[in-house]
Amino acid sequence: MSFINKVKEIYKYRHMLFTLVKQDINGRYKGSIFGFLWTLLNPLFMLLVYSVVFSIVFKSDIENYPIYLFVCLMPWNAFNTMIGGGTTCVSNNASIIKKVYFPREVLPLSVVISNTIQYCFSLVITFIALLVSGMGITWYAIFLPLVMLVQVVFAFGLILMLSAANVYVRDVQYMMNPIMMIWMYASPILYSITMVPEKWLPIYKLNPMVTILQGYQSILYNQTLPNFKALGIVFLASIAICIIGYMIFNKLQRRFAEEV
Amino acid sequence: MAKKSKKEDIAISVKNVTKEFTVYEDKSYFLKEKIGHLGRNKKRKHVVLKNVSCDIKRGQSVALIGVNGSGKSTLLKLLNKIIYPEQGTIEINGKVSSMIELGAGFNTDFTGRENIYFNASMYGLGKKDIDPIIDKIIEFSELGDFIETPVRTYSSGMYMRLAFSIAVNVQAEILLIDEILAVGDAHFQAKCLNKMKELKAEGKTMVFVSHNVNQVKSFCDRALWIKDGEIIMDDETEKVLDEYIKVQG
């Protein structure tokens, strides 16, 4: 099926996509009293803990460290949850894949959409933190959606590959735990990129998350313009990853119902 | 022009379809096992369908008969695009609704009503399309107040009634039905059969897998007898059934 037809078909199944997104968001906190509020409460508690720990116990050289940490930790957590949920999105839906036809791309898409929505809500806490700390928010924040878009497109490309691969080899989902942990420490979240030895920088910067996270830091922490050129390159690379991911997914999905 | 109109008359066209399954003695999901199994030829190919071809005209009701494991359900899954053939092509003209398995895709934590919306969304229907017909679906299912309780509390009969009610009400042109009428009491079975006859009268195309000779006889115009992955007889229902009963006893 050509790509155009695929897009048309997914459009036809948009109701299913919306229902899956709704189920994911409503279902995640089903049976809890605070429900969707947990999306806000989790980062709030995280912020409180970091503020206490890093301003009293561990003192960092980075000015306003809790905010510095928080600005990148929120996007990283969103990325982490998105990849985690995305990797298992096909294998966890074995029951419907075996029995019903629908364009399988709906599954990774729904994970990406529902996580992006939750991510947007959790940003409220980031904004509150910035305001309370006195750093404030500048007009540069209008570029925030741009950085988020790059991040989501990048994640979507990875999810297409990972979710399809996980159907055939379940190791993928377990492999992702250590990989995401290493990846986190290979990104400027807990520390500043200025602490990375210069000779490692060319390799270090190959990690797309470095550029993306620096985008957040520029906009929210340093309050300057992000590096549009670097973000543009990462965006193009993310598009390429999406195309490759789509091709892999499309090839592997023919046997999903048999393998899952 | 003549050729074009002919093509439009065909709802399902299956050409030289071969389907194999890889049978693992011990299916491995993990890399360690996959590597361990390399060289120790633990898998073999099982050919389920061999070079099957058939055309089904619009409005025709076709029964697939044959013993267990002959490939009937595999053919139905192929028609539904759940699985893909190794060789050959399948062309479907029209919207498909399937009852391959009971309540496929029901989310058991959600209520019957919520599941109607979710299930229908898998047929490409949105809230706006379902709202006008939801009462009809609920009424047909005879679930009454149970429609507001989670599906996990349903009996298998209730499950099936809900699934069937949705599948026959989503306005599909082609219905694929795999032996699900076995569940449910005689009253509901009769009701389903009536509904299917109604749909047939409306000109829907149906492919029907059943071991129930009487159901097949009363309902289908044509039967395909599948044996060991091949269509060995394709004719009017009566003729095929007579022959089938003679051979299978």
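This passage describes the predicted model of two chains, A and B.

The overall make-up of chain A is considered first. Its secondary structure comes to twelve helices and zero strands, and read along the sequence it follows the pattern α-α-α-α-α-α-α-α-α-α-α-α. The radius of gyration of chain A is 19 Å, close to the 18 Å that the globule rule gives for 260 residues, so chain A is as compact as a globular protein of that length. Taken along the principal axes, the C-alpha atoms of chain A fill a box of roughly 55 × 50 × 35 Å. Of its 260 residues, 40% count as buried. Among the contacts in chain A with a separation of 6 or more, 78% are accounted for by residues 24 or more positions apart.

Two helices of chain A, α3 and α6, provide an example of helix packing. In general, two packed helices are described by the angle between their axes and the distance between the axes. Helix α3(A), residues 38–57, packs with α6(A) at an angle of about 35°, and their axes are 9 Å apart. The crossing in which α3(A) passes α6(A) is right-handed. On the side of α3(A), the residues that take part are Thr39(A), Leu40(A), Pro43(A), Leu44(A) and Leu47(A). In α6(A) they meet Gln118(A), Phe121(A), Ser122(A), Val124(A), Ile125(A) and Ala129(A). Divided by class, this contact has eight nonpolar, three polar and no charged residues. Helix α6(A) itself has 27 residues and reaches 40 Å from its first C-alpha to its last, close to the 39 Å expected at 1.5 Å a residue. Just after α6(A), Gly134(A) takes a positive phi of about 90°.

Helix α10(A) also packs against α6(A), among other helices. It runs over residues 208–222, a total of 15 residues. The distance from its first C-alpha to its last is 20 Å, close to the 21 Å expected at 1.5 Å a residue. The helix is mostly covered, since twelve of its 15 residues are buried. The buried residues begin with Pro208(A), Met209(A) and Thr211(A), and continue with Ile212(A), Leu213(A), Gln214(A), Gly215(A), Tyr216(A) and Gln217(A). Ile219(A), Leu220(A) and Tyr221(A) complete the list. The partners against which these buried residues pack are α4 (65–87), α6 (106–132), α7 (144–168), α8 (171–185) and α11 (228–252) of chain A. The residue that follows α10(A) is Gln223(A), whose phi is positive, near 55°.

A positive phi is also found in a loop of chain A. Asn64(A), which is not a glycine, has a positive phi of about 55°. This residue is found in the loop between α3 and α4 of chain A. Asn64(A) counts as partly exposed because it has 17 C-beta neighbours inside 10 Å, whereas 20 or more would be needed for a residue to be buried.

Chain B contains both kinds of secondary structure, with ten helices and nine strands. Buried residues make up 41% of the 249 residues in chain B. Of the contacts in chain B with a separation of 6 or more, 72% are accounted for by residues 24 or more positions apart.

Two residues of chain B illustrate its local features. Glu142(B), a residue other than glycine, has a positive phi near 60°. Its place is the loop between α6 (134–141) and α7 (156–169) of chain B. Glu142(B) counts as partly exposed because it has 15 C-beta neighbours inside 10 Å. Lys239(B), by contrast, lies in a helix, α10 (residues 237–248) of chain B. With 14 other C-beta atoms within 10 Å, Lys239(B) is partly exposed. The C-alpha atom of Lys239(B) is separated by 32 Å from that of Ala163(B), and the two residues are 76 residues apart along the chain.

The contact between the chains takes 23 residues from chain B and 19 residues from chain A. On the side of chain B that touches chain A, the elements that give two or more residues are α2 (31–37) and α4 (112–121) of chain B. The largest share of this side, three residues, comes from α4(B). By class, the residues of chain B that touch chain A divide into 13 nonpolar, six polar and four charged.

Note on methods
Residues numbered from 1 in each chain as written. Chains lettered and ligands numbered in written order. Predicted model: local features only at pLDDT ≥ 70, side-chain atom pairs only at ≥ 80, totals over all residues. Helix = DSSP H or I, 4+ residues; strand = E, 2+ residues; numbered from the N terminus. Expected span 1.5 Å × (residues − 1). Contact = placed C-beta atoms within 7 Å. Nonpolar A, V, L, I, M, F, W, Y, C, P; charged D, E, K, R; others polar. Axes fitted to C-alpha atoms, helices over the stretch in contact; angles between N-to-C directions. Left-handed = near helix turned anticlockwise from the far one by under 90°. Rg over C-alpha atoms; globule rule 2.2 N^0.38 Å.
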